Amino acid sequence: MRDLGFKKEISTGYYLDPFSGYQEKKITIESRYDEITGVACRILPYRMRITQKPDMDFYLEKSPESLCPFCPDLFEKTTPRFTPDIVEEGNFKRGEACLFPNAFPYDQNNNVAIFSSRHFVPLNELTPEFMHDGFAVCRDYFHRVVEMNLGYKYCSINWNYMPPAGGGMIHPHLQTIAGYKPTSFMQKLLTSAHNYAAASNGDNLWNNLIALEKKADKRFIANTGVVCWLTSFAPKGMAGEIDFIFREKTSLFDLTESNFNEFLTGLSKVFNYLYVNNFISFNMSFYATMTNNNYFFVQGKIVPRFVIYPLGTSDLNYFEKLHNEIICPTVPEELCRELQPYFNTVA
Ligand SMILES: [Zn+2]
């Protein structure tokens, strides 16, 4: 089986340590590069822990329900609507969930979906049941787009949960994108999969990634049925990265209701892990093609986000912003071992 292109290099350095009477201290930095994603990162030898759960009142005081455009009082008055050719009712609804156009779009088709009328939902209450209708309205929208035959080929469902992850609203919400072209990161994944197939007599990169990672038994969290859960070899965030891949699902429309429920159950397990470890924030992206593409399995990533107290320092700095390398004081293999028990218990 062709290898995945996971590269590793260890470098060592020395300094005189004031905490041990200026004895010489050796430090080891592991540089990693993932050819599939193009992500370069440096795994630091010390583990970052968030020792205290950030104070939610800080955010809730600044963003009360009375000022929230997604809470019932303002929702009806201030929510953008779709033109009637897309949907007669102006939006896509299921239960309390609702999908509508983003008032500040990033894309010609950038929508927002709220899960419910609840303003603040902590990480441990993001249960599969709670998330179900929010994801369902995203799927309803993509189904409508295909019905309209607009020729869109790529879509994603995205989530900035809470301000440390770029969330502009406390009120939990998803964002969808559908377009003719993939985003640049999704393009990188597609190109890697094409190149891998070309170099290995048509092997599927994602099948081999799953098989090789399972065999290596270092970053393979669990297989929950159709969905495989892994930690990324070279994470896109300081607190690591959790990946999910839907085996043999080569289009969004291959996914059944039960595949989605399995996915949401896994997501809630990851969120529980984050909650227990004092995180309050994450980014998630779910990438899919809208027509069958045998090179690409539906998949996605979750990156926990945080700010560093007491200053509220960002978890992004010059290294990531301007050098395209991620400083990661979280060893992916350790993150995997910590997540496994959450998947092995029945919940
Ligand atoms: Zn609200």
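Asn223 stands opposite Cys228, a residue of strand 10 in this predicted model. Strand 9 and strand 10 (residues 227-231) run antiparallel and are joined by 3 bridges.

Both strands belong to an open sheet of 10 strands, ordered 4-5-6-8-7-12-13-11-10-9. The pairing in this sheet is antiparallel. Strand 4 (92-94) and strand 9 (220-223) stand at its edges, and because each has a single partner strand, one side of each is left without a neighbour in the sheet. On average, neighbouring strands here are turned by 15° against each other, direction ignored.

Helix 3 (residues 128-147) lies across five members of this sheet: strand 4, strand 5 (97-101), strand 6 (110-114), strand 7 (154-161) and strand 8 (173-179). The helix runs at about 45° to strand 5. Edge strand 4 is thus among the strands that helix 3 lies across.

A second open sheet has 4 strands in the order 1-2-3-14, and its pairing is mixed. Its edges are strand 1 (6-17) and strand 14 (325-328); each has a single partner strand, so one side of each is left without a neighbour in the sheet. The twist from one strand to the next averages 25°. Strand 14 pairs with strand 3 (residues 39-43) in the parallel sense, over 4 bridges. In this pair, Ile43 stands opposite Cys328 of strand 14.

The two strand pairs described here are set out below.

| Strand pair | Sense | Bridges | Opposed residues |
|---|---|---|---|
| Strand 9 and strand 10 | antiparallel | 3 bridges | Asn223 and Cys228 |
| Strand 3 and strand 14 | parallel | 4 bridges | Ile43 and Cys328 |

Two helices also pack against each other. The axes of helix 6 (residues 257-276) and helix 8 (residues 332-344) come within 9 Å and cross at roughly 125°. Helix 6 is therefore oblique to helix 8, since the angle lies outside the 65 to 115 range that counts as roughly perpendicular and is not over 145, where roughly antiparallel begins. The crossing of helix 6 past helix 8 is right-handed.

On the helix 6 side, the contact is made by Lys269, Val270, Asn272 and Tyr273. Helix 8 contributes Glu338, Leu339, Tyr342 and Phe343. By class, this contact has 5 nonpolar, 1 polar and 2 charged residues.

Methods
Residues are numbered from 1 along each chain as its sequence is written. This is a predicted model: local features need pLDDT of at least 70, side-chain atom pairs count only at pLDDT 80 or more; totals for chains, interfaces and linings use all residues. Two strands pair if DSSP finds at least two bridges between them. Axes are lines fitted to C-alpha atoms, for helices over the stretch in contact, and angles run from 0 to 180 degrees between N-to-C directions. Two residues are in contact if their C-beta atoms, placed from the backbone, lie within 7 Å. Angles under 35 degrees count as roughly parallel, over 145 as roughly antiparallel, 65 to 115 as roughly perpendicular and the rest as oblique. A crossing is left-handed if the near helix is turned anticlockwise from the far one by less than a right angle, and right-handed if clockwise. Ala, Val, Leu, Ile, Met, Phe, Trp, Tyr, Cys and Pro count as nonpolar, Asp, Glu, Lys and Arg as charged, and the others, Gly among them, as polar.
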